[in-house]
Amino acid sequence: GSDRTLDRDCTTLSRHVLQQLQSFSPEAQDLSALMNRIALAGKLVARRLSHAGLMEGVLGFTGEVNVQGESVKKMDVYANDVFISVFKQSGLVCRLASEEMEKPYYIPENCPIGRYTLLYDPIDGSSNTDNNLSLGSIFSIRKQEGDDVDETASDLFTPGRNQIAAGYILYGPSTMLVYTIGKGVHSFTLDPSLGEFILTQENIKIPDKGSVYSVNEGNFWQWDESIREYVRYVHRTEGYSARYSGAMVSDIHRVLLQGGVFLYPGTREKPEGKLRLLYETAPLAFVIEQAGGRATTGHMEILDVVAKKLHQRTPLIIGSKQDVAKVESFIQNGH
Ligand code: AHG
Ligand code: MN
Ligand code: MN
Ligand code: MN
C-alpha cells in the first residue's frame, strides 16, 4: 500500500503545538514540552497494552480498591505511574492528580519552576482491559496557583474554562492522540515504527446532529423519568443507532467524528452519576466545545461547573449541539 506519511508534511505533535502559538514564547515552549511528555506517556501505555496478553503481570486486578470504590486493575496502576515518572523528568509539572490517587501528588523538586498541574485518568474504560478492547487516557492541564503543598488542591476548584490544554489518547486498532489548547481540536496517529504521533486531522468539527446515541441502558430503571422518556423517544424515532463500548474515550471519539450524543446521567442512588469532573468530563467537554459541540450536566454547561472536591462527579450529556439540546429539553421541559 502507499505510505500516506510521504504525501504530507509529517507534522509532529510538538511542532504542531508550536505552530499554533507564537513559537518562541515561553508559553508555547511549555505547552509543546508538556504535550510531548503526554505523548511519551501514551506511547509507553500503548506499548504495554500491545503485549498485554503475552506478558506476565499486565492483565487482571491488583486486589486494591481505589478512592472511587472501584477494583483497581494492574494497568490502572501502571498507567498512573507512567504519567508520574514522565512528568518527574519534565520539570514543568509541580502536581499531578488522577482518578487512582486519593490526594494530589506533588513533585517538590519541580515546584519552583513547574507552575502546571496535570489532571488525568490514566486508563479510561478499565473494564475493557482484560478483553483486548479499546481504552483511553484523558488529560487536562491547568496553571497552578499558589505554592502551598495543599492536599485539598482547592486552587483547582474553578471552572473548566480555565484548562490550558486537554485531550485524550485512544488505544484502539491504532493509537491516537486528540488535543486542544483552545485553538481547535486536532488528532494525531501514532506511527509505531517512527515512535511519533503524526498529524491526521486538523480543526475537527463535530456534526451539528448525528445518529448515534451512546448510553448504558442497563441503568434504565435507575434513571430519572426524563432520561427514560428521552430514550423512549430515541427508540420510536427512525434513524438512531446505539453504540456503547464501556470506554467513554472511544464512544466520545466516535461522536466527535460522526456526531450524536454520549450520556452518563445520574441515577437514583447516585444523582451525580459516575464520571469525574476534573479529569473526565471537563477535559472531554473542552475538546467537544472546541469542535463545535456541547457538554452539559442537563442543567449547566460542564465547563461552568466548579468542583467542590478533587474527585467530584457530574452527570454528562455531550456531543452534537442538536442532540445535546434534545436531551436537555427532556430534562428541562419533559419533551
Ligand atoms: P474508568 O475506567 O476510568 O473508571 O471509567 C469508566 C467510565 C467510562 O469510560 C465508561 O463510559 C463508563 O465508566 C462505563 O461505566 P458503566 O459500566 O457504568 O456503563
Ligand atoms: Mn476507574
Ligand atoms: Mn474514566
Ligand atoms: Mn480510569
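Q322, a residue of helix α8 (residues 321-333) in this predicted model, is partly exposed, because 15 other C-beta atoms lie within 10 Å of its own, whereas 20 or more would make a residue buried and 12 or fewer would make it exposed. When neighbours within four places in sequence are left aside, the residues in contact with Q322 are D208 and K209. In the case of K209, the two residues are 113 places apart along the chain, and yet their C-alpha atoms are separated by 5.4 Å.

T296, which belongs to strand β14, gives a contrasting case, for T296 is buried, with 23 other C-beta atoms within 10 Å. If residues up to four places away in sequence are not counted, T296 touches E301, I302, I317, V324 and E328. The C-alpha atoms of T296 and G319 are separated by 9.4 Å, with the two residues 23 apart along the chain.

To place T296 in a wider setting, we can turn to the sheet that holds its strand. Strands of a sheet pair through backbone hydrogen bonds, and the pairing can be either parallel or antiparallel. Here 5 strands form an open sheet with mixed pairing, and their order is β12-β11-β13-β15-β14. The edges are taken by β12 (241-242) and β14 (294-296), and since each has a single partner strand, one side of each is left without a neighbour in the sheet. For β14 the connection is to strand β15 (residues 316-319), to which β14 is joined by 3 bridges in an antiparallel run, and within this pair T296 stands opposite I317. Helix α7 (residues 277-290) packs on this sheet, where the helix touches both β14 and β15 and has a direction that makes about 150° with that of β14.

Moving inward along the strand order, we come to strand β13 (residues 261-264), from which V261 and L263 point one way while F262 and Y264 point the other way, and all of these residues are buried. With β15, β13 runs antiparallel and is joined by 4 bridges, in which F262 has I318 as a bridge partner. With strand β11 (residues 212-214), by contrast, β13 runs parallel, and 2 bridges join the two; here Y213 of the one strand has V261 of the other as its bridge partner.

A second open sheet contains 8 strands, again with mixed pairing, in the order β4-β3-β5-β6-β7-β8-β9-β10. Its edge strands are β4 (105-106) and β10 (196-201), each of which pairs on one side only. Within this sheet, strand β3 (residues 93-98) and strand β5 (residues 116-124) pair in the parallel sense over 5 bridges, and R95 stands opposite T117 in β5.

Helix α4 lies across β3, β4, β5 and β6 (135-143), and runs at about 155° to β5. The same helix, α4 (residues 74-88), also packs with helix α3 (residues 26-50), at an angle of about 145° and with the two axes 9 Å apart. The crossing of α3 past α4 is right-handed. On the side of α3 the contact is made by R37, L40, A41, L44, V45 and R48, and on the side of α4 by Y78, A79, V82, F83, V86 and F87. Sorted by character, the residues of this contact divide into 10 nonpolar and 2 charged, with no polar ones.

A separate pair of strands deserves attention as well. Strand β1 (residues 61-65) and strand β2 (residues 71-73) pair in the antiparallel sense over 2 bridges, and one pairing is that of V65 with its bridge partner S71 in β2. Together the two strands form a hairpin with 5 residues between them, and in the turn G69 has a positive phi of about 85°. How many of the 5 residues of β1 are buried? The count is 0, and strand β1 is thus described as hardly covered.

Finally, the surroundings of ligand 1 draw on residues from widely spread positions in the numbering, namely E70, E99, D121, D124, G125, S126, N216, G246, A247, M248 and K274. This shell divides into 2 nonpolar, 4 polar and 5 charged residues.

Technical notes:
Residues numbered from 1 in each chain as written. Chains lettered and ligands numbered in written order. Predicted model: local features only at pLDDT ≥ 70, side-chain atom pairs only at ≥ 80, totals over all residues. Near = placed C-beta within 6 Å. Nonpolar A, V, L, I, M, F, W, Y, C, P; charged D, E, K, R; others polar. Axes fitted to C-alpha atoms, helices over the stretch in contact; angles between N-to-C directions. Left-handed = near helix turned anticlockwise from the far one by under 90°. Contact = placed C-beta atoms within 7 Å. Pairing = 2+ DSSP bridges.
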